[in-house]
Amino acid sequence: MVSTIGRNDKCPCGSGKKYKKCCSKGSVVQLEQVLDGELRELQADMIRYTWNNYESEIKEYLKEHYDNFSVPDEASEVFEFCALTWFATSVVKNGKTVLDEYLDSFAKTISRPKVKGLAEAWRNSYPSVFRMVELENGKFLTVEDIFTKETSQVKLLDQDYLPEQGDLIIATVLLSDPKLFFGTFFNIPANFAKEVERAVLALYKETGNGNPKAFMRDSFLVALDRFMFPEPVTLLDGWEWASEKHREVAEEYQEYIGEIDGSKEFVNLGLKLWFHYSDKANPIIRNPQIYTAALIYLILSQIPTGGTISQKQLAEAFEVSAGSISSKFRDMKKVLHKELQEIEETTTSA
């Protein structure tokens, strides 16, 4: 049963005003929009405060990272914003995080009790990596933490950009009710999520830190780097093939491409696509040479600078028929349609 709010009752938004002088002219939806707007502005003010007061220290952390890792110029803005939100919630200065410091100084200036209560709950928030499980009503994300496997619901204050089911997300989640992303998030499409998740979890294991919160606090910039720019793929580290023949295709592909090109780009791309194809199609492989040749032809056909090797030439090199290569090539294109489309979009925009 829905209770009726009297005009002289206190407004449920928490402003302290009477309902008739506050939100009676609008709907519940309008009230929610007002609260969301104030929460966005509060977060923006926290971000400005962090940068204005700790710019030099944030840059020191970034410089140390840049000395050891290469971050492309086109990705630096996103990388540095994520670094700022990490710094605000995870780096402790004089026994406090910057977020704690901000709230201790400015919480009393927040006029709306509802907003103040949510902000106070943001203490002890920290970044993590999540898998997107479900989107509800276009603004509530159900996410699963890849370290703890715990699920939670996060409200999107902005719905301009929505992740898709299966995407991997790195962000700081503010621990209020409802939970919120601090500023924004960065996501990896579902097609490549398994690879990135494997890379981040491998780093977590390498550090020997059994506490995900402490790991993300102490190793965030490296984890972010691994998330945004996965290390070159190696066959021996963490790749689980369906059979020895699946692995043989990968090894022969890597050897052949290494001889004709030598760049990590082709090797990496082919191994990723072969892994996805194997996972999706799970082919029964009788002759690995056919799949290796088809994979090589697929990769060279996708990269503008990949050169030209005909199916006939590959058939002669691998001692198989050109028709069998053509058949497997067409099947790979069909199964890997989404992955190839993303590669094409990236290549076109570059």
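Me: Buried means under 20% relative accessible area, exposed means over 50%, and partly exposed lies in between. In this predicted model, which of these classes does Arg123 belong to?

Reply: The model is predicted, and the class follows from the computed accessibility. Arg123 has a relative accessible area of 22%. Because partly exposed covers the range between 20% and 50%, Arg123 counts as partly exposed.

Me: With which residue do the side-chain atoms of Arg123 form a salt bridge, and which residues make up the network around this pair?

Reply: The side chain of Arg123 meets that of Glu120, with 3.0 Å from N to O. Glu120 is itself partly exposed, at a relative accessible area of 32%. Salt bridges with shared partners extend the pair into one network, whose members are Lys96, Asp100, Asp104, Glu120 and Arg123.

Me: How many residues apart in sequence are the parts that the salt bridge between Glu38 and Arg112 ties together?

Reply: The side chains of Glu38 and Arg112 meet at 2.8 Å, N to O. Glu38 is partly exposed at 28% relative accessibility, whereas Arg112 is buried at 11%. Since Glu38 belongs to helix α1 and Arg112 to the loop between α3 and α4, the pair ties together parts whose separation in sequence is 74 residues.

Me: What separation along the helix, in turns, lies between Asp45 and Arg48?

Reply: Asp45 and Arg48 form a salt bridge, with their closest N and O atoms 3.4 Å apart. Asp45 is partly exposed at 29% relative accessibility, and Arg48 is partly exposed at 40%. Because the two are three residues apart in helix α1, their separation is about one helical turn.

Me: Which element gives the largest share of the largest nonpolar core?

Reply: This core holds 53 residues, and Trp122, Val129 and Phe227 touch the most other members. Elements that give two or more residues to the core include α2 (76-90), β6 (168-174) and α5 (193-207). The largest share, ten residues, comes from α1.

Me: Which residues does Trp122 contact beyond its neighbours within four places in sequence?

Reply: Trp122 is among the three residues that touch the most other members of the largest nonpolar core. Leaving aside neighbours within four places in sequence, its contacts are Leu39, Leu42, Gln43, Met46, Leu99, Leu174, Leu175, Ser176 and Leu180.

Me: Is Thr85 buried or exposed?

Reply: Thr85 is placed in helix α2. Apart from neighbours within four places in sequence, Thr85 contacts Thr172 and Phe182. Its relative accessible area is 5%, and therefore Thr85 is buried.

Me: How many of the nine residues of α7 are buried?

Reply: The buried residues of α7 include Phe220, Leu221, Phe227 and Met228, and also Asp225 and Arg226. Helix α7 is largely enclosed by the rest of the structure, because the number of its nine residues that are buried is eight.

Me: In which sense, parallel or antiparallel, do β5 and β7 pair?

Reply: Strand β5 also pairs with β4, in the antiparallel sense over five bridges, and Val143 has Ser152 of β5 as its bridge partner. Towards β7, the bridge partner of Val154 is Lys179. Two bridges join β5 and β7, and the sense of this pairing is parallel.

Me: Which peptide bond is cis, with omega near 10°?

Reply: Most peptide bonds are trans. The cis case here involves Pro178, which is found in the loop between β6 and β7. With omega near 10°, the cis bond is the one from Asp177 to Pro178.

Me: What phi does Glu319 have, and what phi does Lys149 take?

Reply: Most residues other than glycine have a negative phi. Glu319 lies in the loop between α11 and α12 and is exposed, with a relative accessible area of 73%. Lys149 belongs to the hairpin of β4 and β5, which has five residues between the strands. The phi of Glu319 is positive, about 55°, and that of Lys149 is positive and near 65°.

Note on methods:
Residues are numbered from 1 along each chain as its sequence is written. This is a predicted model: local features need pLDDT of at least 70, side-chain atom pairs count only at pLDDT 80 or more; totals for chains, interfaces and linings use all residues. Side-chain values use heavy atoms; hydrogens and water are left out. A nonpolar core is a set of buried Ala, Val, Leu, Ile, Met, Phe, Trp, Tyr and Cys residues joined through side-chain atoms within 4.5 Å. Buried means under 20% relative accessible area, exposed over 50%, partly exposed in between (1.4 Å probe, protein chains only). Helices (H or I, at least four residues) and strands (E, at least two) are DSSP runs, numbered from the N terminus. Contact means heavy atoms within 4.5 Å. Two strands pair if DSSP finds at least two bridges between them. A salt bridge is a side-chain nitrogen of Lys or Arg within 4 Å of a carboxyl oxygen of Asp or Glu.
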